[in-house]
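Visitor: I would like a close look at a single part of this structure. Please take me through the largest pocket, and then show me what else is worth a glance.

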Amino acid sequence: MNEIDGRASKLQAGQSDSVEPDDRVLVTRCQAGDSDAFNELVVRYRNKAFMMVYGMVQNEQDAWDLAQDGFLKAWKSIHRFKGESSFYTWLYRIMTNVTIDSLRRKGIHGETEFDDRIAPANVEPASRTTPSSDALPYEKLELRDIRQRINDAIGKLSPEHRAVIVMKEMDDLQYSEIAEILECSIGTVMSRLFYARKKLQVLLRDVYENL
Amino acid sequence: MKTFEEQFTAWLDGALDGEELRSFEREHPLWSQQKGDFLKLQSLLRNSDHRPHLANPDFFTSQIMDQIGRTRVAKNRFRRRSWFGLPRLAWAGLCVLSVGFALFFAFIPRNEYSDPRATYVADVLKTKTADPKIKATVDNQKDMTIIKLEGLDKLPPRQDLHH
């Protein structure tokens with residue numbers, strides 16, 4: 001069974017924003033100190049959490065460590081979960097914060113990142129934002145190469161821009177879900193998506209044009 | 001009113017319609033020409049899901065649960081070692097204070113006139129020259145105190161033993 005489906009990981013697809021019954025029961029038991037219930041939640045969400053974190057850090061070992069840190073933080077703060085959002089949204093938020101904090105500690109801010117405050121009138125539609133990386137023009141790229149190029153390109157984004165790209169383009173979350181996870185406005189999410197996509201457009205143009 | 005970035009993102013994601021859509025494409029023809037590029041980028045990102053699956057998921061889970069277990073053991077050990085937790089310390093302090101007060105009152109010098117009558121006599125003696133209506137003399141030989149009241153039908157309230 002493929003439990004990893006970027007499309008299917010869309011939060012609460014077709015469901016209300018409230019906690020799923022199964023998750024609610026498990027969370028209640030966790031709050032009473034039942035670690036077996038938490039074990040069940042970990043099993044349920046470990047793949048999605050790992051993939052989300054990997055999407056941002058582009059490194060398996062780091063993603064492993066950060067995803068575990070995220071789950072441990074979730075266990076320690078499970079008593080603070082009030083059920084106002086789904087458990088996965090809450091967990092996703094913890095994972096995102098842990099990952100962003102880690103990236104910031106490593107001094108990763110994004111190369112020649114767009115300043116979100118720059119008025120779009122100053123940005124030409126076809127302008128380059130960074131010098132183009134070594135490209136493989138007019139060559140059919142191997143899948144491995146494509147993935148590496150995507151990893152490298154995402155690696156050039158700031159932590160906040162990586163987060164919105166991963167959540168929107170890979171996990172197919174709605175703007176409102178992303179805003180809830182990142183605890184910012186929908187407008188901020190859309191603005192970050194704009195600049196992140198603009199940057200990736202320049203970095204990956206030779207890749208998607210040669211597919 | 002939406003900013004340009006919000007409009008562009010919504011337009012790219014197909015979230016603009018009707019007049020908003022027409023207005024955006026009319027006002028930003030150069031960006032409209034880039035739409036194909038952005039859609040190719042989106043397709044590349046979505047269809048080239050390069051993220052690996054979690055390897056050894058059970059080991060991943062067991063490491064987390066082991067860490068939780070170790071944290072709990074450490075917490076319980078701390079609780080056992082520190083028998084005197086905050087509540088117990090507070091009760092112990094209260095008991096010590098109570099014992100201290102009890103000992104203090106048990107060993108403080110007692111007033112030799114602890115008998116109400118003795119206290120009364122002492123008061124009278126103190127006032128023997130102040131109040132002309134009440135006179136008290138002490139006869140050491142007979143070991144008695146003579147209280148002489150003059151012109152009183154009854155003792156003043158403050159000297160009334162039964163008041």
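**The largest pocket and its surroundings**

Guide: A search of the whole structure finds 16 salt bridges over all chains. Side chains of opposite charge can pair when their charged atoms come close. One of the bridges joins A:Lys106 to A:Asp62. Their closest N and O atoms are 3.0 Å apart. This pair links distant parts of the chain, with the two positions 44 residues apart in numbering. A:Lys106 sits in the loop between helix H4 (87-105) and helix H5 (143-155) of chain A. A:Asp62 belongs to helix H3 of chain A.

Helix H3 of chain A, residues 60-76, also brings us to the pocket, where it supplies at least two residues of the lining. Helix H1 (21-31) of chain A and helix H5 (57-81) of chain B each do so too. The volume of this largest pocket is about 310 Å³. In total, 15 residues line it. Closest to the centre are A:Gly33, A:Trp75, B:Ile68, B:Arg72 and B:Lys75. H5(B) gives the largest share of the lining, 7 residues. By type, the lining holds 5 nonpolar, 6 polar and 4 charged residues.

Now move along chain B. B:Phe101 lies in helix H6, residues 86-107. On the surface, B:Phe101 joins B:Leu97, B:Phe104, B:Phe105 and B:Ile108 in a nonpolar patch. Together they have about 520 Å² of accessible area.

A word on trust. This is a predicted model. It scores ipTM 0.76 and pTM 0.65. Chain B has a mean pLDDT of 78, and 70% of its residues reach 70 or more. Within chain B, confidence is highest in helix H1 (residues 4-12), at 91. Confidence is lowest in helix H7 (residues 116-126), at a mean of 59. Where pLDDT is low, the predicted coordinates should not be read in detail.

How values were computed: Residues are numbered from 1 along each chain as its sequence is written. Chains are lettered from A and ligands numbered from 1 in the order in which they are written. This is a predicted model: local features need pLDDT of at least 70, side-chain atom pairs count only at pLDDT 80 or more; totals for chains, interfaces and linings use all residues. Side-chain values use heavy atoms; hydrogens and water are left out. Patches are made of residues with over 30% relative accessible area and no salt bridge: like charges are joined within 9 Å, nonpolar side chains (Val, Leu, Ile, Met, Phe, Trp, Tyr) within 5 Å. Accessible areas come from the Shrake-Rupley method with a 1.4 Å probe; for residues, only the protein chains shown count as cover. A salt bridge is a side-chain nitrogen of Lys or Arg within 4 Å of a carboxyl oxygen of Asp or Glu. Helices (H or I, at least four residues) and strands (E, at least two) are DSSP runs, numbered from the N terminus. pLDDT is the predictor's confidence in each residue, from 0 to 100. On a 1 Å grid over the protein atoms alone, a cavity is a set of points where a 1.4 Å probe fits but cannot get out, and a pocket is an open set with protein on both sides within 12 Å along at least five of seven lines; lining residues have an atom within 4 Å of a point. Grid points are joined across faces, edges and corners, and a volume is the space filled by probe spheres set on the points. Ala, Val, Leu, Ile, Met, Phe, Trp, Tyr, Cys and Pro count as nonpolar, Asp, Glu, Lys and Arg as charged, and the others, Gly among them, as polar.
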